[in-house]
Structure formats: C-alpha cells, structure tokens
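Reader: I'm at home at the bench, but reading a structure is newer to me. Could you walk me through some features one at a time?

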Amino acid sequence: MTGSDDRRYRPETRLVHAGQMRSGFGETSEALFMTQGFVYDTAEECEARFSGEEPGFLYSRFSNPTIAMFERRLAAFEGAEAARATASGMAAVTAALMGQLKAGDHVVAARALFGSCRYIVENLLPRFGVASTLVDGTKLETWRDAVRPTTRTFFLETPTNPTLEIIDIKEVAAIAHAAGATLVVDNVFATPLWQSPLALGADCVVYSATKHIDGQGRCLGGVILASEAFIDKHVHTFLRQTGPSISPFNAWVLLKGLETLPVRVRRQTDTAAAISVALVEHPKIARMIYPGRPDHAQAGVARKQMRGGSTIVAFEIKGGKAAAFRFLNALKLVRISNNLGDSKSLITHPATTTHQRLRPEERAELGIGDGLVRFSAGLEHPDDVAEDLFQALERA
Ligand SMILES: Cc1ncc(COP(=O)(O)O)c(C=O)c1O
C-alpha cells in the first residue's frame with residue numbers, strides 16, 4: 001500500500017487525494033475492501049497487531065482500509081487529527097454524546113435541534129441518568145445560566161434545522177470551556193466547505209454524511225471528528241464495543257462523494273442564494289430566512305464564522321398549512337422529501353414531518369409556523385428551479 005497525504009496542498013485538493021492508500025495494483029480510484037476481517041501470516045503477527053505493536057487492520061467493525069481512507073480524507077479537509085465513520089448521522093451524534101457521559105452528568109443543548117437529536121438529549125439521555133437543559137442557542141447568557149457543577153458537554157447545530165438560526169460557536173465554546181465542559185457541533189447545515197467548528201474552538205464535530213457528503217441520495221453515513229485525545233478517550237472504545245459501524249461499501253460511496261463536494265455545495269449555495277432573492281418580494285411569501293441575507297437575525301455572526309451561505313432556504317407561505325400544502329402539491333420539479341443536501345432539489349414541511357413530534361407551543365417557540373417550508377437546492381439549472389417555485393406559488 002502507498003499513501004498520499006501531502007500537506008502542501010490546499011484543502012480542496014486534499015479532498016480529492018488525501019488518505020488514499022493504493023494497493024499493489026496501482027488503481028486510480030480507491031479500492032473497495034468489502035471484507036469483514038483480515039488474516040495473518042503467523043500467530044506472532046496476529047498477536048502483534050492485537051497488542052498494537054504492529055499497525056494494521058483487525059476487524060471491520062472498527063477498522064477497514066476503505067473506511068480509513070474516508071475518515072482520513074475528511075479529517076484532512078476539516079483540519080481534525082482524527083475521525084471515525086458511523087452507519088448514520090444519528091449513530092455519530094449518539095456516540096459523540098454517550099461516549100462522554102455517565103449517570104449524574106448534565107448536558108446543555110440548543111433547543112433548535114434536528115428532531116432525532118432533540119430526542120437523544122431530551123428523552124434518551126435522561127433514561128440513563130444524564131440530565132439535560134435546552135436553551136435558546138442564540139442567547140449566550142442562556143448557555144451560561146444553564147451550567148451546573150455536573151455539566152460535561154454542550155451540543156448545538158448551526159445553522160439550525162429548519163429555521164437557519166446562527167449560533168456563535170466561538171462564544172459558546174468559550175462558555176463551555178470555562179465550565180470545564182466540551183462542545184460538540186453538528187455541522188450538517190453548514191457543510192465542511194463553509195464552516196470549520198474545530199478551528200472556532202469546538203472539541204468535536206459530527207456530520208450526517210447522508211446529506212451533502214453523499215449528496216446523491218444513495219446511502220446513509222455519519223462521521224465524528226476531533227483531536228486524537230478526544231477520539232481515544234470518548235469515541236473509539238464506545239464505537240468498537242457497541243458497533244454502529246458503517247459498511248465499507250457506504251464508506252466508499254462517501255469517499256468518492258468528498259471529491260465532488262466543493263463543486264456541488266458551491267453550486268447549491270448559489271442556487272439557494274438566488275432563490276432567497278428571487279422569491280423575497282413575492283406577495284405569497286410572509287418571511288424569507290437565509291444566512292447570507294443582510295436581514296438575517298444573526299447576519300453578523302454568520303459573516304464572522306461562515307465562509308459561505310447555505311444550500312438551504314426557509315420561507316413562510318401566507319395562509320398556513322393549507323396554503324403550504326397547496327404550494328407543495330403544485331410543484332413539478334422540486335420534490336417533497338424530508339431529506340436535504342441532495343443533487344435533486346427537495347422541499348419539506350417541517351411542522352408535519354421532521355418536527356411533528358414537538359408540541360405546537362414548542363414549534364412556535366422555534367419559529368416553525370404551519371406555513372414554513374424548508375427548501376434544499378439541488379444541482380438542476382437554477383432557472384428551472386425558480387420557475388417551478390414561482391408557478392407553485394401561484395397555486396398556493
Ligand atoms: C442536522 C442533522 N443532524 C443529524 C441528522 C441525522 O442524520 P442521519 O439521517 O444520517 O442519521 C440529520 C438528518 O436529517 C440532520 O438534519
């Protein structure tokens with residue numbers, strides 16, 4: 001095997017080449033090692049691998065060459081010392097939190113979280129004796145006020161799903177560290193291209209690789225990125241012993257996805273920004289939310305911590321659920337889906353899907369009205385997308 005981890009190159013070049021391990025066949029594209037386990041020439045070699053004296057792979061639940069290439073490539077782009085891939089984004093979130101926590105600990109999280117992440121914090125962790133407090137992530141004093149002597153970790157996503165609030169990662173990291181806690185950031189909505197939470201002070205970044213990293217609707221995956229010390233202490237053993245492992249096949253799909261990620265995300269971001277401008281004056285639109293807009297509630301924080309806007313736009317249709325449903329049902333090109341970050345433009349009605357589990361007053365607190373829709377820009381020609389949205393608005 002030969003490696004290619006040349007640190008001279010810029011991040012986008014490293015997304016194409018970093019982490020590659022070529023076999024003796026000299027393949028151009030990365031090989032897919034679809035194997036459960038590995039064999040050893042001698043019992044002594046096997047012993048040395050297990051004791052860690054000799055490097056090498058042992059068992060694909062926790063080490064596999066294709067999975068390692070995916071982990072190393074994303075780590076190189078993200079500027080992380082280490083990464084671990086998982087079967088889904090939720091497996092990554094669960095491991096990043098549970099790997100750090102024990103009964104008696106306390107977690108502080110922003111209340112604007114993807115539905116399943118909120119379930120982990122609000123419902124799952126308390127079943128194991130871990131207390132949690134949800135705060136308005138955009139208000140720094142609420143993080144400070146929530147700290148207890150037992151607080152071990154802070155958790156947030158930014159931009160948030162679906163209302164695209166921006167939370168100040170640097171400031172929240174400082175509050176967490178002053179309290180002796182860590183900060184875990186779900187960077188799905190920003191993508192690795194537009195935001196680097198580790199550089200802003202976060203201790204751990206998680207992704208649903210299902211979203212932009214695959215970006216073509218094919219497979220699920222997740223990733224946890226952090227320092228070697230964080231991964232060794234909190235993540236590696238948890239994953240190895242509990243087994244939420246990614247298939248080498250899915251890791252290979254995601255590895256190839258990384259090569260085109262910047263090209264796709266730039267195009268999707270341009271389309272999302274154009275839609276946010278084109279639709280804002282439409283008489284059927286009550287509210288337009290886009291992190292790149294100067295009228296965004298946290299525009300200053302977005303400018304400070306993000307290198308680009310977002311591939312997602314949220315907007316409120318006048319007339320509540322009935323009007324939003326008429327709009328969705330009239331779309332011909334943009335498809336109704338709860339997914340995002342895909343090459344196909346997708347649209348979601350959060351109140352009846354991703355955030356259905358919340359009580360109406362909790363949705364109201366988060367700004368998720370019955371007329372709100374979340375649009376994820378695809379790779380189609382932007383004019384075709386805009387024309388489809390306009391014709392459907394006429395029927396809303
Ligand atoms: C912000 C965010 N985090 C985590 C997840 C979970 O990812 P997965 O569906 O890959 O488990 C999602 C999925 O929609 C998400 O939007």
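**Reading the model together**

Author: Gladly! Let's start with one residue, Thr-269, which lies in helix α11, residues 248–279. Keep in mind that this is a predicted model.

Reader: Is Thr-269 buried or exposed?

Author: The general idea is a cut-off: buried means under 20% relative accessible area. Thr-269 has a relative accessible area of 6%, so Thr-269 is buried.

Reader: Which side chain does the side chain of Thr-269 make a polar contact with?

Author: A polar contact is a pair of N or O atoms within 3.5 Å. Here the partner is the side chain of Trp-194, at 2.9 Å. The side chain of Thr-269 also reaches the backbone oxygen of Val-265, at 2.6 Å.

Reader: Let's turn to the ligand. Which residues come nearest to the ligand?

Author: There are 13 residues around the ligand, and the nearest are Gly-89, Met-90, Asp-186, Ser-208 and Thr-210. Sorted by class, the shell has four nonpolar, six polar and three charged residues.

Reader: Which atoms of Gly-89, Ser-208 and Thr-210 lie by oxygen atoms of the ligand?

Author: For each pair, ask whether the protein atom belongs to the backbone or to a side chain. Gly-89 has a polar backbone atom 2.8 Å from an oxygen atom of the ligand. Ser-208 has a polar side-chain atom 2.7 Å from a ligand oxygen, and a polar side-chain atom of Thr-210 lies 2.6 Å from a ligand oxygen.

Reader: How much of the ligand does the protein cover?

Author: On its own, the ligand has 390 Å² of accessible area, and the protein covers 90% of that. The space taken by the ligand is the second largest pocket.

Reader: Which elements give two or more residues to the shell around the ligand?

Author: Those are α4, residues 89–98, and α9, residues 210–214.

Reader: Why is α4 described as largely enclosed by the rest of the structure?

Author: To judge a helix, count its buried residues. In α4, eight of the 10 residues are buried, so the helix is largely enclosed by the rest of the structure. The buried residues are Gly-89, Ala-91, Ala-92, Val-93, Thr-94, Ala-95, Ala-96 and Leu-97. Notice that Gly-89, one of the residues nearest to the ligand, is among them.

Reader: What caps the N-terminal end of α4?

Author: To read a cap, look for a side-chain atom by a backbone atom at the helix end. The cap of α4 is Ser-88, with a side-chain oxygen 3.4 Å from the backbone nitrogen of Met-90.

Reader: Now the backbone. Where is there a cis peptide bond?

Author: Omega is the angle to check. One cis peptide bond joins Thr-158 and Pro-159, with omega about -5°. Another joins Asn-161 and Pro-162, where omega is about 5°. Pro-159 lies in the loop between β6 (151–157) and α7 (169–178), and Pro-162 is found in the loop between β6 and α7 too.

Reader: Which residue in the loop between β6 and α7 has a positive phi although it is not a glycine?

Author: Check phi and the residue type together. Leu-164 has a positive phi of about 55° without being a glycine, and Leu-164 lies in that loop between β6 and α7. With a relative accessible area of 0%, Leu-164 is buried.

Author: Thr-191, also a residue other than glycine, has a positive phi near 70°. Thr-191 is found in helix α8, residues 191–194, and counts as buried at 2% relative accessibility.

Reader: How far apart in sequence and in space are Gln-391 and Ala-330?

Author: Read two separations side by side: one along the sequence, one from C-alpha to C-alpha. Gln-391 and Ala-330 are 61 residues apart in sequence and 7.8 Å apart in space. Gln-391 lies in helix α15, residues 382–394, and is buried, with a relative accessible area of 17%.

Author: For another pair, take Pro-244 and Arg-357, which are 113 residues apart in sequence and 25 Å apart in space, C-alpha to C-alpha. Pro-244 lies in the loop between α10 (228–242) and α11. Pro-244 is partly exposed, at 23% relative accessible area.

How values were computed:
Residues numbered from 1 in each chain as written. Predicted model: local features only at pLDDT ≥ 70, side-chain atom pairs only at ≥ 80, totals over all residues. Heavy atoms only, no water. Near = heavy atom within 4 Å. Polar contact = N/O pair within 3.5 Å; in protein donor to acceptor, adjacent residues only side chain to side chain. Areas by Shrake-Rupley, 256 points an atom, 1.4 Å probe, with all protein chains shown as cover. 1 Å grid on protein atoms, 1.4 Å probe; cavity = no way out; pocket = protein on both sides within 12 Å on 5 of 7 lines; lining within 4 Å. Sits in = over half its atoms within 2 Å of the grid points. Helix = DSSP H or I, 4+ residues; strand = E, 2+ residues; numbered from the N terminus. Nonpolar A, V, L, I, M, F, W, Y, C, P; charged D, E, K, R; others polar. Buried < 20%, exposed > 50% of the residue type's maximum accessible area, 1.4 Å probe, protein only.
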